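Thanks, everyone. Let me put the model on the screen and walk you through it.

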Amino acid sequence: MGPGIVTARRIVRTAPVTPGAVPAEVVWAFRDRRHRVGDHRIWQGTADKGTTPVLYVDDVRYPARHVAWVLHHDTEPVGLIKAGCGARLCVHGPHLTDDISRQRERLLYAALHGVTLAGPCPAGTHDLAEHGYVRPSGAIECRGCDNARRRTKSLEGARAT
Ligand SMILES: [Zn+2]
Ligand SMILES: [Zn+2]
């Protein structure tokens, strides 16, 4: 490439969202794009694949649920953030769940069924306090094993095609 050739490619980067350090423009832009529907705050901005709310400020991409989480909890989420209320594009802080809060719910649900999730899973590979859950039937299952099974299955599927 010779001198004078300018490539005008817009570079969009995803910014980290840090508790206590969300830029004011991002907070304003975030609040601007929420629409109150009942208890929910439905995202009116862009959504990746129609399901992941995103926010662009100065060509920087911010995952909107991450912003919502940090503004509400003032902590880092762990794993994927989902709308626990089931409303597809809800970004209401109290409605969002992460790996930790979802597992806390599973432990509570198990306790209601008289089951204490602790110790190794049936396969002996995972800690039930971290990966265990109880089916409505009362059967104890392990998400760690579920994920391993799913990975094996998708590998087999890839080989078959
Ligand atoms: Zn909601
Ligand atoms: Zn397991």
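One term before we start: buried means under 20% relative accessible area, exposed means over 50%, and partly exposed is what falls in between. H95 has a relative accessible area of 17%, so H95 counts as buried. Keep in mind that this is a predicted model.

H95 brings us to the metals. Ligand 1 is a zinc ion, and H95 coordinates it through ND1. The other donors are ND1 of H40, SG of C85 and SG of C90. The distances run from 2.0 to 2.3 Å. What is the geometry of the site of this zinc ion? It is tetrahedral, with angles of 101 to 119° among the four donor atoms. Along the chain, the donors read H-x44-C-x4-C-x4-H.

Now look at two of those donors. C90 has a relative accessible area of 0%, so C90 is buried. H40 comes out at 22%, which makes H40 partly exposed.

Stay with H40 for a moment. H40 lies in strand β3, residues 40-43. Which residues does H40 touch, leaving out those up to four places away in sequence? They are H35, C85, A87, C90 and H95. Three of those names you have just heard as donors to ligand 1: C85, C90 and H95. There is also a distance to note here. H40 and P94 are 54 residues apart along the chain, and their C-alpha atoms are separated by 9.4 Å.

On to the second metal. Ligand 2 is also a zinc ion. Its donors are SG of C121, ND1 of H126, SG of C142 and SG of C145. Again the range is 2.0 to 2.3 Å. The angles among the four donor atoms are 99 to 114°, and the site is tetrahedral. The spacing in sequence is C-x4-H-x15-C-x2-C. C121 sits in the loop between α3 (99-112) and α4 (128-131), while C145 sits in helix α5 (residues 143-160), so this pair ties together parts that are 24 residues apart in sequence. Buried or exposed, C121 and C145? Both C121 and C145 are buried.

Next, helix packing. Helix α1 covers residues 24-32, and helix α2 covers residues 64-73. They pack at an angle of about 105°, with axes 11 Å apart. That angle falls in the range of 65 to 115 degrees that counts as roughly perpendicular, so α1 and α2 are roughly perpendicular to each other. Who makes the contact? From α1 we have V26, V27 and F30. From α2 we have A64, V67, A68 and L71. How do the contact residues divide by type? Seven are nonpolar, none is polar and none is charged.

Let me add the burial picture for α2. The buried residues of this helix are A64, R65, V67, A68, W69 and V70. Note that R65 and W69 are among them. After α2 comes D74, and the phi of D74 is positive, near 60°.

That takes us to backbone angles. Most residues other than glycine have a negative phi. Two neighbours go the other way here. D58 has a positive phi near 55°, and D59 has a positive phi of about 65°. D58 is in the loop between β5 and β6 (60-63), and D59 is found in that loop too. Their accessibility is worth stating. D58 is exposed, at 68%. D59 is at 32%, so D59 counts as partly exposed.

Just before that loop is strand β5, where Y56 lies. Y56 is partly exposed, with a relative accessible area of 36%. Beyond four places in sequence, Y56 touches V12, T46, D48 and R61. Y56 and V26 are 30 residues apart along the chain, with 8.4 Å between their C-alpha atoms. V26 is the α1 residue we met in the contact with α2.

Last stop, G50. Where is G50? It is in the loop between β4 (47-48) and β5 (52-57). G50 is partly exposed, at 27%. Outside its sequence neighbourhood of four places, G50 touches R88 and L89. For contrast, take R149: G50 and R149 are 99 residues apart in sequence and 28 Å apart in space, C-alpha to C-alpha.

That is the tour. Questions, please.

How values were computed. Residues are numbered from 1 along each chain as its sequence is written. Chains are lettered from A and ligands numbered from 1 in the order in which they are written. This is a predicted model: local features need pLDDT of at least 70, side-chain atom pairs count only at pLDDT 80 or more; totals for chains, interfaces and linings use all residues. Side-chain values use heavy atoms; hydrogens and water are left out. Axes are lines fitted to C-alpha atoms, for helices over the stretch in contact, and angles run from 0 to 180 degrees between N-to-C directions. Helices (H or I, at least four residues) and strands (E, at least two) are DSSP runs, numbered from the N terminus. Angles under 35 degrees count as roughly parallel, over 145 as roughly antiparallel, 65 to 115 as roughly perpendicular and the rest as oblique. Contact means heavy atoms within 4.5 Å. Ala, Val, Leu, Ile, Met, Phe, Trp, Tyr, Cys and Pro count as nonpolar, Asp, Glu, Lys and Arg as charged, and the others, Gly among them, as polar. Donors are N, O and S atoms within 2.8 Å of the metal (3.2 Å for Na, K and Ca); water is not among the atoms, so sites may look incomplete. Four donors count as tetrahedral if all angles lie between 85 and 135 degrees; four count as square planar and six as octahedral if opposite donors are over 155 degrees apart and all others between 65 and 115; anything else is irregular. Buried means under 20% relative accessible area, exposed over 50%, partly exposed in between (1.4 Å probe, protein chains only).
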